Amino acid sequence: MSYSQARNFIYRNARPLDIARWKYLFEGGSREDVLTALSAYQNADGGFGHALEADCWNPVSSPIQTWAATEILQEVRLTDRSHPIIAGILRYLSSGQDFDGHVWYNAVPTNNDHPHAPWWHWMPEPEITYNPTASLLGFILLYADRDSMLYTLAQRLTKEAYGYLQANAPLNAMHTVACFAQLYHALHASGQTQLVDIDAFRTLLSQQIQNVLTLDTTTWSTEYVCKPSLFIHGKEDEFYPVYQEICQSECDFIQQTQQPDGYWGITWAWPDYPEQWAISKNWWLSDVTIKNLKFLQAIRGIDKG
């Protein structure tokens, strides 16, 4: 595995946002540079659009693209609850936009007006999913004013979400399970473990992770499958001891599958919008390269020499 080749690929191909993320994660770069680049994707309503989630080129705010912003805020460990980006996201989530009273929509109608992957195509009467709602609830519990109506709403919805998980387990959608994992960790981080039976939540979540993980590592290079890095981000994660062996297998996989140009490949594509997909693919290659090295660094360490 070559750190320098990965670095060269990022500098040649990544968006300014992802170059800033690379610098922050691996080169002692500035959090503010990441936030400045991220703010370019935020709309006046506080939500995010503009293909921040690279499979959807909708410039209009949507829950899934706003969720993508919260992922980056967590990555750079932003804790300032008064920061304009956080304030904007909370304003968007409290507005009632793209929300049915129980979940924020997974896709929005305006997606269909712009290039997008088929999984972000809006359909009337969509199926209920807690992707990204469960994760957004965790964000609210971490950052919203505890006296706000939004915080009270998030407490109620967290109980609903947990009830949904209990009633519908086992879930087969790995990204939905990942959102529940983020909610679980947010309950601990925010001191709100009394909202649900947190021990039962942990047991159920561990069973869910086991259900969606792809243990056959021979498929990881060719199929869109679930690897442990979707849930576990370091040795300090409480689930790491349970899944330590497969986490090490993923580190082996990362070290063995870097491409000659420095990136790691992806296993999905859009059947439509070939010109836009060619651009989004390059954005994803950069994102996956960053995430692979971040996981490898957290679990095993990386040689930058």
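The following paragraphs describe the overall architecture of a predicted model and then consider one of its helices, α4, in greater detail.

The protein chain contains 11 helices and 0 strands, and, when read along the sequence, its secondary structure follows the pattern α-α-α-α-α-α-α-α-α-α-α. The C-alpha atoms of the chain fill a box of roughly 50 × 40 × 40 Å, taken along the principal axes. For a chain of 305 residues, a compact globule would be expected to have a radius of gyration near 19 Å, and the value of 19 Å computed for the protein chain agrees with that expectation. Of the contacts in the protein chain with a separation of 6 or more, 66% are accounted for by residues that lie 24 or more positions apart.

With regard to the surface, buried residues make up 52% of the 305 residues in the chain, while the area that the protein chain exposes amounts to about 13700 Å², of which carbon and sulfur atoms supply 50%. The charged side chains comprise 20 positive and 33 negative ones, and the centres of these two sets lie 7 Å apart.

Helix α4 spans residues 63-75, and its geometry was compared with the expected rise: at 1.5 Å a residue, its 13 residues should span 18 Å, which agrees with the 18 Å that separates its end C-alpha atoms. The helix is followed by R77, for which phi is positive, near 55 degrees.

As to its surroundings, 11 of the 13 residues of α4 are buried, and the helix is therefore largely enclosed by the rest of the structure. The buried residues are P63, I64, Q65, T66, W67, A68, A69, T70, I72, L73 and E75, a list in which the polar residues Q65 and T66 and the acidic residue E75 appear together with residues such as I64 and L73. The cover over these buried positions includes α2 (16-26) and α3 (31-39), which precede α4 in the numbering, as well as α5 (84-94), α6 (133-143), α8 (174-189) and α11 (274-299).

Within this helix, T70 offers a residue-level view of the packing. T70 has a relative accessible area of 3% and is accordingly classed as buried, since the cut-off for that class is under 20%. When its neighbours within four places in sequence are left aside, T70 is in contact with I89, L136 and F139. The ranges given for the covering helices place I89 in α5 (84-94) and both L136 and F139 in α6 (133-143).

Note on methods:
Residues are numbered from 1 along each chain as its sequence is written. This is a predicted model: local features need pLDDT of at least 70, side-chain atom pairs count only at pLDDT 80 or more; totals for chains, interfaces and linings use all residues. Side-chain values use heavy atoms; hydrogens and water are left out. Helices (H or I, at least four residues) and strands (E, at least two) are DSSP runs, numbered from the N terminus. The expected span of a helix is 1.5 Å times one less than its number of residues. Buried means under 20% relative accessible area, exposed over 50%, partly exposed in between (1.4 Å probe, protein chains only). Contact means heavy atoms within 4.5 Å. The radius of gyration is taken over C-alpha atoms; the globule rule is 2.2 Å times the number of residues to the power 0.38. Accessible areas come from the Shrake-Rupley method with a 1.4 Å probe; for residues, only the protein chains shown count as cover. Lys and Arg count as positive and Asp and Glu as negative; His and the chain ends are not counted. The place of a charge is taken as NZ of Lys, CZ of Arg, CG of Asp or CD of Glu.
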